[in-house]
Amino acid sequence: MRSIKQPGAPVPERIQWVEARGRAFSFKFEAGVSLLEAARRGFATEGFVGGVLSFREGALGPFAYVMPALSKTGANAAFYSDTFRPQGITRLKLGSMTLGVRDDAPFFHCHGLWIEQGNRASGGHILPEEAIVAEPFEVDAFGVDGALFLAEPDAETNFKLFGPVEAAATGVRPTSRAFALRLRPNQDFALCLEEFCRTHGIAHARIHGGVGSTIGARFTHGGVTEPFATELAVTSGIIAPGRSGALEAELDVALIDYTGGIAEGRLIRGDNPVLMTMELVLEALA
């Protein structure tokens, strides 16, 4: 399986996780406020400090983002491009977001695909401070109670990354057993989740959110993304018994690579290792 050498030594625990409770809900982003504030308000209304969400449409403007890029200094295995600021209204196609805390304030990690003015297709990593909701749009969210995604320095990748930590439960009507996860580099996305579910006695699970990167990508439809640095959003995901009875993860994703190549589809199990990180919430289903 493909692997990328990171600047720091790998830590023994390859999945950072916290068991919590959670609940799915939907809400609308308000127009005229920042994407970060719109997300914070939506979760707060339901009594949650954070969680994850996904969207299938939307409009932003002003808007700023970065794409994956090669590292210029060698301090990281890959890095970010210069900032892009498209003119006019950018129409979101899809994306996923993790809402948590960085430097004692709300912050998010969000990847997606979109269409810019002039019908230019693009995607990448949305900058929280420079994205304004242009028109109201609905999102599907999953709030987490008892866990929080906290941005902390990560010695392995030399980035400040979201990872789940324990948090005080608020008692806000959570309905499901849920796990906040961060997958570390150089392990297959699907197989890692399958092993986690087996270890924790989870026979059927649904993925909520899903923001991270893989080392290129290999799809069940035959498509291949060769450039190794990507920005990826999970569009749907389940872990359930396959034909053999063993657990199998079905992971549908969308991504952009550092050359600007865009790809969507279902990942092949066993051939899609994590590049930097993968954040998500796993909901255990009855």
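These are my notebook entries on a predicted model, covering its cores, rings, backbone oddities and salt bridges.

**Entry 1: the cores**

I began with the largest nonpolar core, which has 33 residues. Which members touch the most others? I found Phe 29, Leu 35, Leu 53 and Ile 126. I then looked up which elements give two or more residues to this core, and they are β1 (15-29), α1 (35-45), β2 (51-55), β7 (90-102), β8 (105-116), β11 (137-145) and β19 (247-257). The helix α1 gives the most, with five residues.

I took a second look at Ile 126. Leaving out residues up to four places away in sequence, Ile 126 touches Leu 35, Leu 60, Phe 63, Ala 64, Tyr 65, Leu 92, Phe 108, Cys 110, Trp 114 and Ala 131. Apart from this core I noted another one, of 30 residues, with Leu 181, Leu 193, Phe 196 and Ala 249 among them.

**Entry 2: the rings**

How many aromatic pairs are there? My count comes to 19. I picked out Phe 79, which pairs with Tyr 80 in a tilted arrangement, 5.7 Å centre to centre and 55° between the planes. Phe 79 is partly exposed at 39% relative accessibility, and Tyr 80 is partly exposed at 31%.

Phe 79 also forms a stacked pair with Phe 159, with 5.8 Å between centres and 20° between planes. I liked this one since it links distant parts of the chain: Phe 79 is in strand β6 (residues 79-80) and Phe 159 in strand β13 (residues 159-166), 80 residues apart. Is Phe 159 buried or exposed? Its relative accessible area is 13%, so Phe 159 counts as buried, the limit being under 20%.

I also noted a cluster in which ring pairs link Phe 25, Phe 27, Phe 29, Phe 43, Phe 48, Phe 55 and Phe 137. Phe 29 turned up in Entry 1 too, as a member of the largest nonpolar core. One charge caught my eye as well: the charged end of Arg 102 sits over the ring of Phe 107, 5.3 Å from its centre.

**Entry 3: the backbone**

Most residues other than glycine have a negative phi, and most peptide bonds are trans, so I looked for exceptions. Gly 61 and Pro 62 are joined by a cis peptide bond, with omega about -5°. Pro 62 is in the loop between β3 (59-60) and β4 (65-66).

Asn 119 has a positive phi, near 65°, and lies in the loop between β8 and β9 (120-126). With a relative accessible area of 65%, Asn 119 is exposed. Asn 158 has a positive phi of about 65° and is found in the loop between β12 (147-154) and β13. Asn 158 is partly exposed, at 43%.

**Entry 4: the salt bridges**

I searched the whole structure and got 22 salt bridges. Arg 2 pairs with Asp 271, the closest N and O atoms being 2.9 Å apart. This links the segment before β1 to the loop between β20 (262-266) and β21 (274-284), across 269 residues.

Glu 156 bridges to Arg 14, also with 2.9 Å between the closest N and O atoms. Here the loop between β12 and β13 meets the segment before β1, with the partners 142 residues apart. Glu 156 is buried at 3%, while Arg 14 is partly exposed at 21%.

Last, I noted that salt bridges sharing partners join Glu 30, Glu 37, Arg 40 and Arg 41 into one network.

Terms used: Residues numbered from 1 in each chain as written. Predicted model: local features only at pLDDT ≥ 70, side-chain atom pairs only at ≥ 80, totals over all residues. Heavy atoms only, no water. Core = buried A, V, L, I, M, F, W, Y, C linked by side-chain atoms within 4.5 Å. Buried < 20%, exposed > 50% of the residue type's maximum accessible area, 1.4 Å probe, protein only. Helix = DSSP H or I, 4+ residues; strand = E, 2+ residues; numbered from the N terminus. Contact = heavy atoms within 4.5 Å. Phe/Tyr/Trp six-rings, centres within 6.5 Å; stacked < 30°, edge-to-face > 60°. Lys NZ or Arg CZ within 6 Å of the ring centre and 35° of its normal. Salt bridge = Lys/Arg side-chain N within 4 Å of Asp/Glu carboxyl O.
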